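Subject: A structure for you to look at

Hi there,

Here is the structure I promised to pass on to you. Please open it and have a look around before you read my notes.

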Amino acid sequence: MDLTEAKKGKISDATELIRRGATLLRESCPKCGGVQVRYKNRILCINCDDLSNLSSLEMSSISELTTNLGELVTSKIQKLYDALSKEEDLDKQARIANLILLYMDIMEKVKKSK
Ligand SMILES: [Zn+2]
């Protein structure tokens with residue numbers, strides 16, 4: 001593949017990203033002056049970054065996902081806390097308490113994965 005072909009490839013990769021929801025940025029790349037796009041909260045340069053490897057780009061959004069998961073679990077724990085404080089039934093208390101433990105376990109893992 002010669003340089004022109006490589007360049008064409010990069011442009012079609014960028015087009016593919018935009019089709020998937022990436023947006024073109026006004027600012028050009030500080031390193032090479034190339035076109036930058038924003039994709040899943042990441043800024044990518046069509047020259048410096050390998051846009052053809054979309055699965056690795058998707059993978060990096062896992063950290064974003066764990067952040068969201070952490071927030072979700074926190075709000076769930078808060079709701080369970082309210083439910084537990086109002087609950088009189090011992091069996092239901094046990095179920096809520098178990099659920100809280102489960103969510104706290106997830107929280108720990110989310111924290112460790114950062
Ligand atoms: Zn660049």
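Below is what I found, going from the overall layout to a few single residues.

First, please keep in mind that this is a predicted model. The protein chain averages a pLDDT of 85, and 89% of the residues score at least 70. Among the elements, helix 4 (residues 90–112) has the highest mean pLDDT, 94, while helix 2 (residues 54–60) has the lowest, 64. Where pLDDT is low, the predicted coordinates should not be read in detail.

Now the layout. You will find 4 helices and 3 strands in the protein chain. If you walk along from the N terminus, the elements come in the order α-β-β-β-α-α-α.

The strands are a good place to begin. They form an open sheet of 3 strands in the order 1-2-3, with antiparallel pairing. Strand 1 (23–28) and strand 3 each have a single partner strand, so one side of each is left without a neighbour in the sheet. On average, neighbouring strands here are turned by 35 degrees against each other, ignoring direction. Strands of a sheet pair through backbone hydrogen bonds, either parallel or antiparallel. In this model, strand 2 and strand 3 run antiparallel and are joined by 4 bridges. For one residue pair to look up, try Arg38, whose bridge partner in strand 3 is Ile43.

Next, the inside of the protein. Of the 114 residues in the chain, 11% count as buried. The largest nonpolar core has 9 residues: Ala14, Leu17, Ala22, Val37, Tyr39, Leu44, Cys45, Ile46 and Leu51. At least two residues of this core come from each of helix 1 (3–19), strand 2 (35–39) and strand 3 (42–45). Leu44 is a nice core residue to click on: leaving out residues up to four places away in sequence, Leu44 touches Gln36, Val37, Tyr39, Asp49 and Leu51.

For the whole chain, take the contacts between residues at least 6 apart in sequence: 28% of them join residues at least 24 apart.

Finally, here is a small puzzle for you. Does Ala6 count as buried or exposed? Ala6 lies in helix 1. Ala6 has 11 C-beta neighbours inside 10 Å, and a residue with 12 or fewer is exposed, so Ala6 counts as exposed. You could also look at Ala6 together with Asn47: the two are 41 residues apart along the chain, and their C-alpha atoms are separated by 10.0 Å.

Have fun exploring, and send me your questions!

Best wishes

Methods: Residues numbered from 1 in each chain as written. Predicted model: local features only at pLDDT ≥ 70, side-chain atom pairs only at ≥ 80, totals over all residues. Buried ≥ 20, exposed ≤ 12 C-beta atoms within 10 Å, placed from the backbone. Contact = placed C-beta atoms within 7 Å. pLDDT = per-residue confidence, 0-100. Core = buried A, V, L, I, M, F, W, Y, C linked by C-beta atoms within 7 Å. Pairing = 2+ DSSP bridges. Axes fitted to C-alpha atoms, helices over the stretch in contact; angles between N-to-C directions.
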